[in-house]
Amino acid sequence: PRPTAVNADRYEGVPILGLPDDPRVVLISTSERGSLGCDRRWMYGYGLGMKGAPSDAMTYGTAWHEVMEDVHRFLMRLAPSPSAGPNATPPNYEDSYLEACGLCFLGVASDGSNGGNCPCCGSDGSAPGDGPLLRIEARWRAEWAAGKSASDEGEEEEPDESIEQRVERLRRAAQGWLRVNGRVGLPGYDVVGVELAVACPVRSPGSIKPYAPELPLAFVSGGWRFARPDDPPASIRRVRWPVYWIGRVDAVFRSRTDGSLLVGEWKSSRDPSGYVRGITVDPQTYGYGAMLDHVRAHFGGGRVRGFLFDVASSVLQRDPDTLVKGGLSLALNRTVPSWRFEAAVVARGEDPASEKYAAHVCALREQKDPRLYVREPGGIGAVDLAAWHVETFAMAKRIAENRRNVVDAVDAGSVALLFPRQPVCRQPGGFCSYRGPCSSDGPDARRAFPVRQDPVWTDPALPLAAGSESAAPPVTPTLEKEESWL
């Protein structure tokens, strides 16, 4: 096949820095690597293309990313000029911008990029756009309505937390983040990339050429995708194309003094401190550093010096209870941050700095506030990058073997042999969308999941597949030949 474009799930239409011009490349994402903890989970999600539903924590985490993206796109658009000096800062990102787009409010939405639309809200300038909270709320309501209309009984079970309550939890977390981490970004750094899609080649140790394993592709309408068990043999062709690792860097910070780069990573967790403790053995951040190092010329060539891990608590930040006698509770056993306690005191017409409250406010600042937002900086050195490249090659070999095995996973016995289960879903914090088919596999269990059918490699000149997405193109004498990119 000679495709004209290559696509990746969740990267459709997104330019990916670091890829060659030739679209005959195989893309492996950081998310796919994470699924290798259980071969069966990888088979369902990536081998067969079954789309799993996200957990509640994932849904909230996605929303938190959207809020942080909006904040940092605002800061990137309004970054001060280099001549302003190392201590110059952009304008404040105010709480009100969570509801109404800050760039639109300031009248600086379009800078000629993004098709002339606002990089935060997407408005075309005809009217101010909504802030991230309103956009997220609208999407959640639309998703709930779609799920309700699609259910057999015409109604869904009410969730434990209403949409209004979830939005309020998100709002309070965002307001606290702005208060704790500042409204003008990281001191001494400009934001030069947000949700940046990047890639770098996977190489075997000691080689300068990209790793290019044998992989089976199947013809579908408009292009090709990885082969699956139900694809007709005549539609399958084996190729050897180079493998590239892709990922999205949440934020790229560039020093205003020496031009060095930092990888920014946003997370939400019920236990931010515990989450941060595990990053020393998590290769994801070093991977983003390696991919950013591959494209650093795009940002002036400064070295990638490290990362900033930014974790926010996903627990609801509560207000203090009002006691029977009318006073405010001074208990420390609930998630009441100092700023919400102070706001409650001011709302009563009292002074938080008074003798009545000062000691409690101090205790909240020392015991509660630090648990809600944790920032952990770290360095990325040559040894870290070298280790990541070797480990990534090992993972790419596993994924290539899985891709070849998928075609042969035609019945329960071959599935068990080629993709044994490892119950990572049973571990603390583990989650898997495929528990149904995993415990009782079969056509009915799999039918509950929509399947990705879009081609990974597209070519508008290809004929449409007749009858089904997996119908074969005309057979030619070269159809079964191996094609090598190298």
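Is Cys 432 buried or exposed? Select Cys 432 and see: this cysteine is buried, with a relative accessible area of 15%. Keep in mind as you click around that you're looking at a predicted model.

**Stop 1: the cysteines**

While Cys 432 is still highlighted, add Cys 425 to the selection. The sulfur of Cys 425 is the nearest cysteine sulfur to that of Cys 432, at 5.8 Å, and Cys 432 is in no disulfide. The cut-off for a disulfide is two cysteine sulfur atoms within 2.5 Å, and by that rule the count comes to zero.

Now pick Cys 438 together with Cys 38. Here the gap to the nearest cysteine sulfur, the one on Cys 38, is 5.9 Å, and Cys 438 is in no disulfide either. As for its surroundings, Cys 438 is partly exposed, with a relative accessible area of 24%.

**Stop 2: the nonpolar cores**

Next, select Met 43, Leu 292 and Trp 457. These are the residues with the most contacts inside the largest nonpolar core, which has 56 residues. To see what feeds it, colour residues 382-406: that's helix H12, which gives the most to this core, with seven residues.

Then jump to Val 67, Tyr 97, Val 194 and Leu 262. They're among the 42 residues of another core, lying apart from the largest one.

**Stop 3: the cavities**

How many cavities of 30 Å³ or more does the structure hold? There are two.

For the largest, with a volume of about 50 Å³, select Leu 75, Ala 79, Pro 90, Val 184, Gly 185, Leu 186, Tyr 189, Asp 190 and Val 191, which line it. Now show strand E3, residues 189-201: the largest share of this lining, three residues, comes from there. Colour the lining by class and you'll get seven nonpolar residues, one polar and one charged.

For the second largest cavity, which has about 30 Å³ of space, swap the selection to Ala 88, Thr 89, Pro 90, Val 184, Leu 186, Pro 187, Gly 188, Tyr 189 and Arg 256. This lining splits into six nonpolar, two polar and one charged.

Before you close the viewer, which residues turn up in both linings? Put the two selections side by side, and Pro 90, Val 184, Leu 186 and Tyr 189 appear in the lining of the largest cavity and again in that of the second largest.

Conventions
Residues numbered from 1 in each chain as written. Predicted model: local features only at pLDDT ≥ 70, side-chain atom pairs only at ≥ 80, totals over all residues. Heavy atoms only, no water. 1 Å grid on protein atoms, 1.4 Å probe; cavity = no way out; pocket = protein on both sides within 12 Å on 5 of 7 lines; lining within 4 Å. Points joined across faces, edges and corners; volume = space filled by probe spheres on them. Helix = DSSP H or I, 4+ residues; strand = E, 2+ residues; numbered from the N terminus. Nonpolar A, V, L, I, M, F, W, Y, C, P; charged D, E, K, R; others polar. Core = buried A, V, L, I, M, F, W, Y, C linked by side-chain atoms within 4.5 Å. Buried < 20%, exposed > 50% of the residue type's maximum accessible area, 1.4 Å probe, protein only.
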